[in-house]
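Biologist: Could you take me through one part of this model up close? I'd like to hear how the helices and the sheet fit together, and then whatever hangs off that.

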Amino acid sequence: PKIPAALKNETGDEALNPKGLYPQAIRRVKDACPDTCVITDVALDPYNSDGHDGIVSDEGVVLNDESVGVLSQQALLHAASGADIVAPSDMMDGRVTAIRDTLDRAGFTDVSIMAYTAKYASAFYGPFRGALDSAPRQSAGKPIPKDKQTYQMDPANVREALRELEMDEGEGADFVMVKPAGPYLDVIRAISEQTTLPVAAYQVSGEYLMIKSAAAAGWVNERAIVMETLIGIRRAGADVILTYFAPQVAEWLKAGD
């Protein structure tokens, strides 16, 4: 969600507003198309004036446990608004267990969790963060981590992805995800070979924009390269693909192209 700056604060309180953008959007989609499966992102960076996925202390440390408490309530609000699947993208430790417990206690036992299991600290998120103005930002008198490397994963590390997979499986995730997709096909493969859960992969904004820009310049055939990248992600082991190209691909497939 694109949240006005005036509604952002250090604890991301707008994430828990039942009249906020997300809950309203979920309810309207469900009212209009009750059978549509709604998947929502659970994280604080759109709401946090510090631009981080969790709450940042006065000393400049991202507070894991305090953040998980807020994320659990955010997931509960989404479920109460009609979400079918909540997808925590924050990469805080223990958040899948906390969200599962919170949902179950409130009676939302059928709401699934799509865990961002291997979310890398990637440069490919740039266009998305620019559009939402959700990148980490400095504030007067408070040291703010300039990036998200303390909780997102090192792009050089694949073994950690398997440790994260083991934790998310044990905590009750229904899906596991790798993000980004294209530069991490080896991670998708490694995870798909270690789990019986559905594996999702997210083709992110940077991947999308590079293809769009090259196609607009006439350097590549857009349809051909989009389908090739998606086939590559599927071939690597993804059962579910999240991509900004989804509306175009749906039209191509419907037309039999």
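**A helix over the sheet**

Modeller: Let's start with helix H3 (residues 95–105), which lies across E4 and E5 and runs at about 170° to E5. Keep in mind that this is a predicted model.

The two strands under H3 are partners: E4 (residues 85–88) and E5 (residues 112–119) run parallel and are joined by 2 bridges. If you want a spot to look at, find Val86, which stands opposite Ile113 in E5.

Now zoom out to the sheet these two belong to. It's an open one, built from 6 strands in the order E1-E4-E5-E6-E7-E8, with parallel pairing. Strand E1 (39–42) and E8 stand at the edges with a single partner strand each, so one side of each has no neighbour in the sheet. On average, neighbouring strands here are turned by 25° against each other, if you ignore direction.

Back to H3, because it has a helix for company too: the axes of H3 and helix H2 (residues 64–81) come within 9 Å, crossing at roughly 45°, and that makes H2 oblique to H3. The crossing is right-handed. On the H2 side, the contact is made by Val68, Leu71, Ser72, Gln73, Ala75, Leu76 and Ala79, while H3 brings in Arg95, Ala98, Ile99, Thr102 and Leu103. Sort the residues of that contact by type and you get 8 nonpolar, 3 polar and 1 charged.

Next, follow the sheet out to its E8 edge. In the loop between helix H8 (222–236) and strand E8 (240–243) you'll find Ala238. Loop or not, Ala238 has 0% relative accessibility, so it counts as buried. Who's around it? Leaving aside neighbours within four places in sequence, Ala238 is in contact with Ile188, Val199, Ala201 and Ile233. Val176 sits 62 residues away from Ala238 along the chain, and their C-alpha atoms are separated by 9.9 Å.

One last stop is Lys30, in helix H1 (residues 21–32). Is this lysine buried or exposed? Its relative accessibility is 17%, and since the cut-off for buried is under 20%, Lys30 counts as buried. Again setting aside neighbours within four places in sequence, Lys30 is in contact with Thr36, Val38, Gly82 and Asp84.

Terms used:
Residues are numbered from 1 along each chain as its sequence is written. This is a predicted model: local features need pLDDT of at least 70, side-chain atom pairs count only at pLDDT 80 or more; totals for chains, interfaces and linings use all residues. Side-chain values use heavy atoms; hydrogens and water are left out. Helices (H or I, at least four residues) and strands (E, at least two) are DSSP runs, numbered from the N terminus. Buried means under 20% relative accessible area, exposed over 50%, partly exposed in between (1.4 Å probe, protein chains only). Contact means heavy atoms within 4.5 Å. Two strands pair if DSSP finds at least two bridges between them. Axes are lines fitted to C-alpha atoms, for helices over the stretch in contact, and angles run from 0 to 180 degrees between N-to-C directions. Angles under 35 degrees count as roughly parallel, over 145 as roughly antiparallel, 65 to 115 as roughly perpendicular and the rest as oblique. A crossing is left-handed if the near helix is turned anticlockwise from the far one by less than a right angle, and right-handed if clockwise. Ala, Val, Leu, Ile, Met, Phe, Trp, Tyr, Cys and Pro count as nonpolar, Asp, Glu, Lys and Arg as charged, and the others, Gly among them, as polar.
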